[in-house]
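Subject: Handing over the structure, with notes

Hello,

I am passing the structure on to you, and my notes on it follow underneath. Please keep the sequence and the 3D view open beside this email while you read.

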Amino acid sequence: MPNSLSHQYFIQAQALIPGGVNSPVRACHNVDSEPLFIRKGEGAHLTDVDGREYIDFVLSWGPMLLGHAHPAVTAAIQEAAARGTSYGAPCADEVALAEAVTAALPSVEMVRMVNSGTEATMSALRLARAVTGRSKLVKCIGCYHGHADPFLAAAGSGLATFSIPGTPGVPDAVVADTLLAPYNDLDALEAVFAAHGEEIAALIIEPVAANMGLVLPGEGYLEGVRALCTKYGALLIFDEVITGFRAAFGGAQARFGITPDLTTFGKIIGGGLPVGAFGGKAEYMRRIAPQGDVYQAGTLSGNPLAMAAGLATLNILRTADYAALERKVRAFVAELKAILEGKGVPIQIPTLASMFCPYFSAEPVTCFADVAKADAALFTTFYKQMRAQGIYLAPSAFETGMVSFAHSDDDFQRTLDAARKVRF
Ligand SMILES: *Cc1c(COP(=O)(O)O)cnc(C)c1O
């Protein structure tokens, strides 16, 4: 919209901030659009600076499972802010949030708070390397673990291979220890372990891959991953930055009944404030400084506002009806799929808990190679026409749609009505 305030802000922003945004995908490049500048979020709705309202299926990329500005979360933040925003000394809510997290996930016996998911994964990797005395890391192609150097490796081929950096600025040497395997492929993973098992410190994985759209683990896959790590003495790190408190209150590990050695968190755990965390077996976590010798620190870690927001969020989620939300999402997705099929476009919509991803593809999506086959042009058409009708979807064919407890039946119906009007 050439005359919109969003457009004017974007022009200004591009002169001051690289690409006009503080995180790349927000720029809406992938969908041939400009970003909306947001003035307000309330429940399942966003209002942009031009005063237009949207039904939000991005939810800040995951954190806002309760919807925006939940009154209890807002009150907790306000109450905390009035007592000062940072002390650089321990506060009671750090203990309470650690207690809430360890109670929700039995595999997490101790936990350390950080400020982002990126910090959580880089710290967990450091710990795994220290615990095992090994240096190699295995990650799955298409899984995202934040922007720390060792995780930014692209695949050379669909088979397990040595990595090349996925971005300039990451030296070859930094990703030389990152080994890749396709998601959902136990044979390929077994080959990686057979070749490098004695050198592998950890395997890090999104138990449900939610950064290449939404790719669900196949039957027995996570069990196989667990068994391989155990067999070769590598630590299994579940990156639950998205799935933690979303796949189930106890995360994907509760839903699938798998016990990782370490778990990373972010997004929901901060209730919309910048928080991450990593935790796991006490015998490993005791290696973290100052109890142990593995250095890890943060000026704002355990920040009182962030702890209050996270705690208020988890306190509500603990008794939230996840099953009811999932039923609503499944019904919504079934109707959306029928509408799109009726228009003659190829469509798959994998769904889990409160996540869904429309892939414009005729084939089931089980790994990154499948994801890459989806028709991005059809997605862009869909995205633009939905946004024009007030439906705010993630601006990329490779991002998961998020639903919150604040989405109403009316929100779902309006979204389906909008989908009915899309012309491909
Ligand atoms: C978002 C995300 C991260 C990175 O978290 P940031 O807070 O953006 O640094 C890491 N892992 C997964 C699975 C994520 O979805």
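I begin with Thr 121, whose side chain reaches the backbone oxygen of Thr 118 at 3.1 Å; this is a polar contact, meaning a pair of N or O atoms within 3.5 Å, where within protein one atom must be able to donate a hydrogen and the other to accept it, and residues adjacent in sequence count only if both atoms are side-chain atoms. Before going further, please note that this is a predicted model, in which local features need pLDDT of at least 70 and side-chain atom pairs count only at pLDDT 80 or more, while totals for chains, interfaces and linings use all residues. Residues are numbered from 1 along each chain as its sequence is written, and side-chain values use heavy atoms, with hydrogens and water left out.

Thr 121 lies in helix H4, residues 117-132, where helices (H or I, at least four residues) and strands (E, at least two) are DSSP runs numbered from the N terminus. Thr 121 counts as buried because its relative accessibility is 0%; buried means under 20% relative accessible area, exposed over 50%, and partly exposed in between, with a 1.4 Å probe and protein chains only. Leaving aside neighbours within four places in sequence, Thr 121 is in contact (heavy atoms within 4.5 Å) with His 145, Phe 151, Ile 204, Asp 239 and Thr 264.

The ligand

Two of the residues just named, His 145 and Asp 239, also belong to the residues around the ligand, and a residue is taken as near a molecule if one of its heavy atoms lies within 4 Å of it. The others in this shell are Ser 116, Gly 117, Thr 118, Tyr 144, Gly 146, Glu 206, Asn 211, Val 241, Ile 242 and Lys 267. By class, the shell has 3 nonpolar, 6 polar and 3 charged residues, where Ala, Val, Leu, Ile, Met, Phe, Trp, Tyr, Cys and Pro count as nonpolar, Asp, Glu, Lys and Arg as charged, and the others, Gly among them, as polar.

Three polar pairs can be followed in the 3D view. An oxygen atom of the ligand is 2.6 Å from an N or O atom in the side chain of Lys 267, a nitrogen atom of the ligand is 2.7 Å from an N or O atom in the side chain of Asp 239, and a backbone N or O atom of Gly 117 lies 2.8 Å from an oxygen atom of the ligand. On its own the ligand has 380 Å² of accessible area, of which the protein covers 83%; such areas come from the Shrake-Rupley method with a 1.4 Å probe, and for residues only the protein chains shown count as cover.

From Val 241 in this shell you can look across to Phe 278, as the two are 37 residues apart in sequence and 9.6 Å apart in space, C-alpha to C-alpha. Phe 278 is in strand E13, residues 276-280, and with 0% relative accessibility it counts as buried.

The nonpolar cores

The largest nonpolar core has 61 residues, and those with the most contacts inside it are Phe 57, Val 101, Phe 245, Leu 314, Leu 317, Leu 336 and Phe 382; a nonpolar core is a set of buried Ala, Val, Leu, Ile, Met, Phe, Trp, Tyr and Cys residues joined through side-chain atoms within 4.5 Å. Several elements each supply at least two residues of this core, including helix H3 (92-104), strand E4 (110-114) and helix H10 (304-317), and H10 gives the most, with 9 residues. Apart from this core lies another, of 42 residues, among them Ala 181, Tyr 221, Tyr 232 and Leu 236.

Backbone details

Most residues other than glycine have a negative phi, and most peptide bonds are trans. Phe 245, however, has a positive phi of about 65° although it is not a glycine; Phe 245 sits in the loop between strand E11 (235-239) and helix H8 (251-256) and is buried, with a relative accessible area of 1%. Phi of Ser 60 is likewise positive, near 60°, but Ser 60 counts as partly exposed, at 40% relative accessibility. Finally, the peptide bond from Ala 289 to Pro 290 is cis, with omega near 5°.

Best wishes
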